[in-house]
Structure formats: C-alpha cells, structure tokens
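Open the model in a viewer and keep the sequence panel visible. The tour below moves from one selection to the next and says what is there.

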Amino acid sequence: MAITKKPNKRIVRFTKIDAKKKKVWGVVYSPLAIDSHGDLMTSEEIEKAAHGFLPKDLTIAVDENHNHIPTWSKIIESYIVRAEGDVGDVGAWVVGMQITNDGVWNKILKGELTGYSFEGTGMRRKAEAITAYQRYRIVNLAPAEDGHTHLAFLEYDEGGRVIRGWTNEVNKHKHNILYNTITELSDSHRHRLT
C-alpha cells in the first residue's frame, strides 16, 4: 500500500487528519469506483482484498507513490464500511495510519500526498459475469444542458430494481442516483438515465 497523490482522473483524499497524533484515515477502495487502471471491484471483492491484506502482516509495508521504499508508517486501523454515514460508501475499505516518517508527514500537510493507493494483482472479468441476474450495470446518462455526461454505476436487486447508484466524477462533481431514472442535484443540475 502506498501513500500517494493520485492523478486527477481519480481523486482520492484522506477523510480525516489528526495533526496532533500524526494519524490519517481514508478510503482505499470504494465499490464500483473506477480506479486509475480503468477497473472496478464489487464490495465483495473489496472485502476479500482487505481481509487478505491484514493476515499477510503487511501493516508496515507502506511506501510513497509505489516506490517500494518503506516509510515505516503503520496501519493502525482497517475496516469495511457497514453503514451509511461513515467516511466512505457502504462496502468501501477504510484504513487509518500512524505516520512515523517526518518527511512523509510534511508532504501530507502540504497536500503533496493526499490519500492511499492499493497495490495488488487480480483477474479481470466482464461485469455481466458477476451474477446471473446482472446485479451491477454501468450505463450512460443523458447529457446536461452544457453537454457533459457521466457513467452511472447501478446496483440492482433480484427483481431488477435499482438499489443504489452513483456516477463517475466529471467537471469536479458527481451524482448519487435517487430513483430509477434521475440523479440527485449536484453542481445545479440533474441527469436522467438513458
């Protein structure tokens, strides 16, 4: 795992910084969020990765921007979000870290390091193969008045009804899906599902 500043195509931010104790918390991976490689994971896959990480005793295997040089910072907390209102979406992997390296801490305070990047391997597969009833779908939204659009990530129940959804970030904003056909208001506009 690396402490990193991600490129603009996927912004990851620490959700909490305790300056007195030199501790930071943030989301490592959120369900159905497109990562910097164009991939995504379900909440089940994220939980498997998170639960596989701790038994390998990698809690001190933290580097900076994947340079593989230990910072000697330590993971002090690791959990899966189970309820709305936490620092991330339900199913997201959250990590708390004690920063012991003064150089790394100073970069965090300056905004040069802003979040986490999980390094690992996996097997790519088509999203349609997740379940027989196609639990997850990625769809295009109708354009807003200024012409921009988003990809929507939708989760369905077995009856084909949308359980929840959200969009990717475009023009520094994103939307949650409120109903089957419309997004919540964000940046003074909404989108409809096409």
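Begin with the open sheet of four strands, whose order is E2-E3-E6-E5 and whose pairing is antiparallel. The model is predicted. Colour the edge strands separately: E2 and E5 each have a single partner strand, so one side of each is left without a neighbour in the sheet. Looking along the strands, expect an average turn of 20 degrees between neighbours, direction ignored.

**Stop 1: E2 and E3**

Select E2 (residues 14-18) and E3 (23-29). Four bridges join these antiparallel strands, and in this register phenylalanine 14 stands opposite glycine 26 in E3. Now move to the hairpin between E2 and E3, where four residues separate the strands and lysine 22 takes a positive phi near 55 degrees.

Next, show the side chains of lysine 16 and tryptophan 25. Lysine 16 lies over the face of tryptophan 25, at 4.6 Å from the ring centre.

**Stop 2: E3 and E6**

Keep E3 selected and add E6 (93-98). Six bridges join E3 to E6, and the two run antiparallel. Two opposed positions can be picked out here: tryptophan 25 faces glycine 96 in E6, and tyrosine 29 stands opposite tryptophan 93 in E6.

Is E3 enclosed or not by the rest of the structure? Six of its seven residues are buried, so E3 is largely enclosed.

**Stop 3: helix H1**

Select residues 43-53, which make up helix H1. H1 lies across E3, E5 and E6, and runs at about 150 degrees to E5. Within the helix, highlight Ser43, Ile46, Ala50 and Phe53, which are its buried residues. Turn the view to look down the axis of H1: the buried residues fall within an arc of 90 degrees, so they line one face of the helix.

What do the buried residues of H1 pack against? Their partners are strands E3 (23-29), E5 (74-80), E6 (93-98) and E8 (136-140).

**Stop 4: helix H2**

Move to residues 102-110, helix H2. H2 lies across E2 and E3, at about 120 degrees to E2.

**Stop 5: the aromatic pairs**

Show the rings next; the structure holds two aromatic pairs. A pair of aromatic rings is described by the distance of the centres and the angle of the planes.

Phenylalanine 14 and tyrosine 116 are edge-to-face, with 5.2 Å centre to centre and 85 degrees between the planes. This pair links distant parts of the chain, with phenylalanine 14 in strand E2, tyrosine 116 in strand E7 (residues 115-117), and the two positions 102 residues apart. Both phenylalanine 14 and tyrosine 116 are buried.

The other pair is phenylalanine 53 with tryptophan 93: the ring centres are 5.6 Å apart and the planes stand at 65 degrees, so this pair too is edge-to-face. Phenylalanine 53 belongs to helix H1 and tryptophan 93 to strand E6, so the pair ties together parts that are 40 residues apart in sequence. Are these two rings' residues buried or exposed? Phenylalanine 53 has 6% relative accessibility and therefore counts as buried; tryptophan 93, at 1%, counts as buried as well.

Methods
Residues numbered from 1 in each chain as written. Predicted model: local features only at pLDDT ≥ 70, side-chain atom pairs only at ≥ 80, totals over all residues. Heavy atoms only, no water. Buried < 20%, exposed > 50% of the residue type's maximum accessible area, 1.4 Å probe, protein only. Arc of directions from axis to C-beta. Contact = heavy atoms within 4.5 Å. Phe/Tyr/Trp six-rings, centres within 6.5 Å; stacked < 30°, edge-to-face > 60°. Lys NZ or Arg CZ within 6 Å of the ring centre and 35° of its normal. Pairing = 2+ DSSP bridges. Axes fitted to C-alpha atoms, helices over the stretch in contact; angles between N-to-C directions.
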